[in-house]
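Here is a short report on selected local features. It moves from single buried residues to helices and then to a sheet.

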Amino acid sequence: MSKETLPVESRIIPVKRLEEYWERSIEDPEGFWSEHARALQWFKTWDKVLDASNPPFYKWFVGGKINASYNALDVHIKTWRKNKVAYIWEGEPGDTRVITYYQLYKEVNRIAKILKNMGVKKGDRVTLYLPMIPELPMVMLACARIGAIHSVVFSGFSGESLASRINDSNSKILITADGAYRRGKIIPLKEWADKALKLTPSIESVIVVRRTGSKVNMVENRDYWLHELLAGIEPDTYVEPEPVESTHPLYILYTSGTTGKPKGVEHSTGGYLAWVYWTLKWAFDPREEDVWWCAADIGWVTGHSYIVYSPLMHGLTSIMYEGAPDYPHPDRWWSIIEKYGVTIIYTAPTAIRAFMRYGEEWVKKHDLSSLRILGSVGEPINPEAWNWYYKNVGGERCPIIDTWWQTETGGFMISPSAGVELAPLKPGSATFPLPGIDAEVVNDNGKRVEPGERGYLIIKKPWPGMLQTLWKDPERYVEVYYKKFPGFYYTGDYAMRDSDGYFWLLGRADEVLKVAAHRIGTTELESVLVSYPAVAEAAVAGKADPVKGEVPVAFVVLREGYSPLNSLREELVKYVRNQIGPIATPANIFFVDKLPKTRSGKIMRRLLKSVVSDQPLGDITTLEDEASVEEIKKAYDELKKELE
């Protein structure tokens with residue numbers, strides 16, 4: 001793994017890390033957060049910063065009253081930002097909308113009125129099943145305005161997955177759309193929702209947004225078109241924002257775990273808002289003139305925190321894009337950056353590796369000089385992708401803010417910090433914990449490991465953005481996050497700290513391979529494979545072995561211009577062996593055209609493991625392209641025949 005640091009001239013702020021700032025947040029967290037939470041607007045300040053009387057059920061800013069919609073919108077309406085652009089939205093077919101803070105504020109108030117008219121009250125749950133259209137953040141903010149708890153379900157999920165989440169949250173309202181665009185096709189969202197509604201007795205009303213114009217089934221006295229409901233609401237309607245307790249749930253977001261039913265992560269209002277406000281400021285140093293593009297889907301926590309709540313609290317202009325990154329051409333993203341003068345882009349390493357496959361020519365067609373900062377999220381970014389991103393997208397002038405965090409953490413946890421200082425960057429490292437985060441890498445016994453040793457990443461102290469619990473399942477909350485290392489939050493990730501104290505994330509702990517008693521992270525193997533000139537993307541899974549216990553199996557996507565020859569396969573095996581050691585030698589390498597990814601861009605390694613282990617695939621409704629699974633099966637079967 002590369003420990004290379006960037007030359008001084010390439011850093012945005014060439015100063016050493018400000019240890020004192022982080023140390024103050026750890027030594028006096030209550031004093032630190034009492035000061036920083038005042039950046040938000042509170043209807044009533046808190047009586048106690050942190051209630052730690054019932055660990056691990058920590059409560060932040062207890063006694064405080066606040067409203068997320070008020071902090072995102074109302075605070076700007078009496079300022080010059082009233083007519084500043086909040087969202088520049090581009091649909092996959094090319095249609096666009098530009099929405100100012102005042103326009104957003106007015107629509108949120110009108111939708112909040114509709115919800116109130118339907119009987120939605122503080123604490124009620126509202127499920128959102130919408131594509132990446134402006135109505136999605138509008139409805140989220142309308143829910144928050146009246147104290148309702150929103151539960152956004154990613155629009156790529158099946159009707160069955162939607163039903164399970166509705167039933168778990170016991171939602172009374174579903175808000176969906178007639179359809180969505182994806183790679184030139186119309187996804188029949190309302191049709192999928194109708195299947196779910198046969199299994200969801202708690203739903204009283206369904207609101208449907210017209211997006212594609214598709215003909216859909218509308219059930220009388222249950223289904224209502226949003227545009228028709230809005231026609232009956234006065235343009236200047238005002239709904240008083242509900243002052244809710246700091247600990248009042250702002251939203252539930254379900255994580256689609258690899259096993260068992262999805263976990264309903266419950267986030268507070270006050271602590272969460274304070275955390276996402278400051279983490280964006282610390283990590284990316286957002287400025288008034290910035291055009292911020294978090295290229296995620298709001299169906300995931302990245303979109304909740306960094307497309308909706310934090311950017312709006314900062315008064316930023318954000319890009320929202322509906323479609324696939326490479327549709328209709330591989331330069332769709334680069335054209336958007338050029339068209340709107342994007343200054344900060346925040347995306348996933350899997351997207352970067354996919355663009356690497358197409359080559360630099362598509363990037364060079366566009367003027368990306370407006371960019372000043374690049375960001376990375378979702379999974380560890382391997383040094384090869386880091387350097388490609390830095391060179392070709394950032395023009396070797398934009399630092400890369402590589403963030404590590406989770407649905408459960410609410411916002412960034414380990415990240416470079418352009419807003420406080422910027423330490424020298426190391427390609428592939430998320431650098432250091434942000435203020436308030438006391439992170440450590442430990443062994444199975446909970447003891448800190450030495451620099452260079454691999455172990456489990458834990459968080460030793462509570463932080464404002466942390467999940468409060470799992471919805472209706474406090475026992476599982478304790479079991480999943482606090483049982484393995486009592487008193488500490490267990491992230492479930494494998495990591496390492498180097499001799500300079502930098503953190504290196506090595507993937508999920510359950511994806512660590514145990515080869516002849518040696519532990520090897522899938523991310524480490526994938527990074528080595530991608531560093532080979534012919535390889536664009538790679539994914540590694542473990543296969544049971546009677547002698548070694550487990551052996552690595554790799555699936556590789558080649559860059560354009562390279563052929564899947566046996567000689568190349570042999571060369572790759574030798575390359576991995578030389579780079580890491582004999583223990584890491586892949587048992588097999590399969591060449592494929594695609595890797596199975598979710599629509600949020602994460603590689604579904606559990607599917608690879610299922611294929612190589614000849615096990616059932618389980619739920620694949622979130623896959624970007626289900627054909628990739630069939631292709632991997634075929635590649636695996638063909639190679640097995642060759643070896644027989």
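## Ser417 and its polar contact

A polar contact is a pair of N or O atoms within 3.5 Å; within protein, one must be able to donate a hydrogen and the other to accept it. The model is predicted. Ser417 supplies a case: a polar atom of its side chain lies 3.0 Å from the backbone oxygen of Trp282.

Ser417 sits in the loop between strand S20 (400-402) and S21. Is Ser417 buried or exposed? Its relative accessibility is 6%, so Ser417 counts as buried. Setting aside neighbours within four places in sequence, Ser417 is in contact with Trp282, Ala283, Leu422 and Leu434. Trp282 is thus named twice: in the contact list of Ser417 and as the owner of the backbone oxygen.

## The loop between S17 and H11

Two residues of this loop are described here. Glu322 lies in the loop between strand S17 (317-321) and helix H11 (332-340). Glu322 has 6% relative accessibility and therefore counts as buried. Which side chain joins that of Glu322 in a polar contact of 2.7 Å? It is the side chain of Arg211. A polar atom of the Glu322 side chain also lies 2.9 Å from the backbone nitrogen of Glu92. Leaving aside neighbours within four places in sequence, the contacts of Glu322 include Trp89, Glu90, Gly91, Glu92 and Pro93. Met132, Ile133, Tyr181, Arg182 and Arg211 are also among them.

Ala324 has its place in the loop between S17 and H11 as well. Its relative accessible area is 0%, and the cut-off for buried is under 20%, so Ala324 is buried. With neighbours within four places in sequence left aside, Ala324 is in contact with Glu92, Arg182, Arg183 and Arg332. Glu92 and Arg182 appear in the contacts of Glu322 too. Ala324 and Ile401 are 77 residues apart along the chain, and 23 Å separates their C-alpha atoms.

## Helix H11

Arg332, a contact of Ala324, is a buried residue of H11. Trp333, Trp334, Ile336, Ile337 and Tyr340 in H11 are buried as well. After H11 comes Gly341, with a positive phi near 65°.

## Helix H6, an enclosed helix

Why is helix H6 (residues 159-169) described as largely enclosed by the rest of the structure? Because 8 of its 11 residues are buried. They are Gly159, Ser161, Leu162, Ala163, Arg165, Ile166, Asp168 and Ser169.

The cover over these buried residues includes both strands and a helix. Strand S6 (125-129), strand S8 (173-177) and strand S14 (251-255) contribute, as does helix H7 (189-197). Asn170 follows H6 and has a positive phi, near 60°.

## Helices H3 and H5

Helix H3 (residues 68-77) packs on helix H5 (residues 135-146). The angle is about 115°, and the axes are 7 Å apart. The crossing is left-handed.

Which residues of H3 and H5 meet? H3 brings Ala68, Ser69, Tyr70, Ala72, Leu73 and Asp74. H5 brings Leu141, Ala144 and Arg145. By class, the contact has 6 nonpolar, 1 polar and 2 charged residues.

## The four-stranded sheet

An open sheet is formed by 4 strands in the order S21-S22-S24-S25, with antiparallel pairing. Strand S21 (439-442) and strand S25 (503-508) are the edge strands, and each pairs on one side only. From one strand to the next, the twist averages 45°. Strands of a sheet pair through backbone hydrogen bonds.

At one edge, 4 bridges join S21 to S22. Ala439 stands opposite Ile459 in S22. Ala439 and Val441 point one way from S21, whereas Glu440 and Val442 point the other way. All four of these residues are buried. At the other edge, strand S24 (residues 489-497) pairs with S25 over 4 bridges in the antiparallel sense. Here Ala495 stands opposite Leu505 in S25.

## A helix across the sheet

Helix H16 (residues 522-530) lies across two of the sheet strands, strand S22 (454-459) and S25. H16 runs at about 105° to S25.

Key: Residues are numbered from 1 along each chain as its sequence is written. This is a predicted model: local features need pLDDT of at least 70, side-chain atom pairs count only at pLDDT 80 or more; totals for chains, interfaces and linings use all residues. Side-chain values use heavy atoms; hydrogens and water are left out. Two strands pair if DSSP finds at least two bridges between them. Axes are lines fitted to C-alpha atoms, for helices over the stretch in contact, and angles run from 0 to 180 degrees between N-to-C directions. Contact means heavy atoms within 4.5 Å. Buried means under 20% relative accessible area, exposed over 50%, partly exposed in between (1.4 Å probe, protein chains only). A crossing is left-handed if the near helix is turned anticlockwise from the far one by less than a right angle, and right-handed if clockwise. Ala, Val, Leu, Ile, Met, Phe, Trp, Tyr, Cys and Pro count as nonpolar, Asp, Glu, Lys and Arg as charged, and the others, Gly among them, as polar.
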